[in-house]
Amino acid sequence: MLTGLSFLFVGAVLSLNGIWMLGRIGDREIAVINIITAAITVAVACALAFGADANLASVKAAALTLLFSTTYIWVAANRIFGFDGRGLGWFSLFVAITVTPVAAQTWAVATTPFAHWIALCWAAWAVLWLLYFLLLALGRPIQRATAWFTLFCGIATAWAPGWLLLNGWS
């Protein structure tokens, strides 16, 4: 159930960040959903890492979840304090490199359609974080494409699976 909760809010923040990158939401206003989502995903990660049933798999899930949380905190800080985003861009490269093997590992052990979908989600997130690196750290002129891919990822890789998980599908 915690995964569904996290995914639902990740879907919201990615969708809204995509809309923001298209110029439809103000810089300071977008910080709100990033802070809320970061707080929820940090709480979920803490439950996974430090809960009574914590094990290697749950700690790994917590670590990967915190990559998302850190991204959202950083986006909010950039908007609130006016940072240029280069640091977030370099962090995004670190994350893209980190989650690429997660996509492959998830695919290799997937036995259900939903598990295969989650593997594809990891692959999409690796590409998304790579786009953030190219946009923010290297200054490539790909904001519009990155915005649309962020919106797509919000819907297809987070909101939809989150909604499905919260409704008992897995």
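**Close-ups of a six-helix model**

**Figure 1. Trp 148 is partly exposed, with a relative accessible area of 46%.** That value sits between the 20% and 50% cut-offs, so Trp 148 counts as neither buried nor exposed. This is a predicted model, so read the close-ups with that in mind. Trp 148 belongs to helix 6, which covers residues 143–166. Look across to Met 21 as well: its C-alpha atom lies 8.5 Å from that of Trp 148, although 127 residues separate the pair along the chain.

**Figure 2. Thr 41 is a buried residue of helix 2, with a polar contact to Ser 69.** Helix 2 spans residues 27–50, and the relative accessible area of Thr 41 is just 1%. With the cut-off for burial at under 20%, that value is why Thr 41 counts as buried. The side chains of Thr 41 and Ser 69 are joined by a polar contact of 2.6 Å. Setting aside residues up to four places away in sequence, Thr 41 touches Ser 6, Val 10, Thr 65 and Ser 69. So what do we have at this spot? A buried threonine with Ser 69 as both a touching residue and a polar partner.

**Figure 3. Ser 92 is buried in helix 4 and touches aromatic side-chain residues Trp 129, Tyr 132 and Phe 133.** Helix 4 runs over residues 86–109. Ser 92 has a relative accessibility of 1%, so it falls under the 20% cut-off and counts as buried. The contacts with Trp 129, Tyr 132 and Phe 133 are listed without neighbours of Ser 92 within four places in sequence. Another tryptophan to pick out is Trp 74, 18 residues from Ser 92 along the chain, with the two C-alpha atoms 11 Å apart.

**Figure 4. Zooming out, the close-ups belong to a protein with six helices and zero strands.** In sequence order the pattern is α-α-α-α-α-α. The radius of gyration is 15 Å, close to the 15 Å from the globule rule for 170 residues, so the protein is as compact as a globular protein of that length. Along the principal axes, the C-alpha atoms fill a box of roughly 40 × 30 × 25 Å. Of the 170 residues, 44% are buried. Take the contacts between residues at least 6 apart in sequence: 69% of them join residues at least 24 apart. The accessible surface is about 8,800 Å², and carbon and sulfur atoms account for 72% of it. As for charge, there are 7 positive and 4 negative charges, and their mean positions are 11 Å apart.

Conventions. Residues are numbered from 1 along each chain as its sequence is written. This is a predicted model: local features need pLDDT of at least 70, side-chain atom pairs count only at pLDDT 80 or more; totals for chains, interfaces and linings use all residues. Side-chain values use heavy atoms; hydrogens and water are left out. Helices (H or I, at least four residues) and strands (E, at least two) are DSSP runs, numbered from the N terminus. The radius of gyration is taken over C-alpha atoms; the globule rule is 2.2 Å times the number of residues to the power 0.38. Buried means under 20% relative accessible area, exposed over 50%, partly exposed in between (1.4 Å probe, protein chains only). Contact means heavy atoms within 4.5 Å. Accessible areas come from the Shrake-Rupley method with a 1.4 Å probe; for residues, only the protein chains shown count as cover. Lys and Arg count as positive and Asp and Glu as negative; His and the chain ends are not counted. The place of a charge is taken as NZ of Lys, CZ of Arg, CG of Asp or CD of Glu. A polar contact is a pair of N or O atoms within 3.5 Å; within protein, one must be able to donate a hydrogen and the other to accept it, and residues adjacent in sequence count only if both atoms are side-chain atoms.
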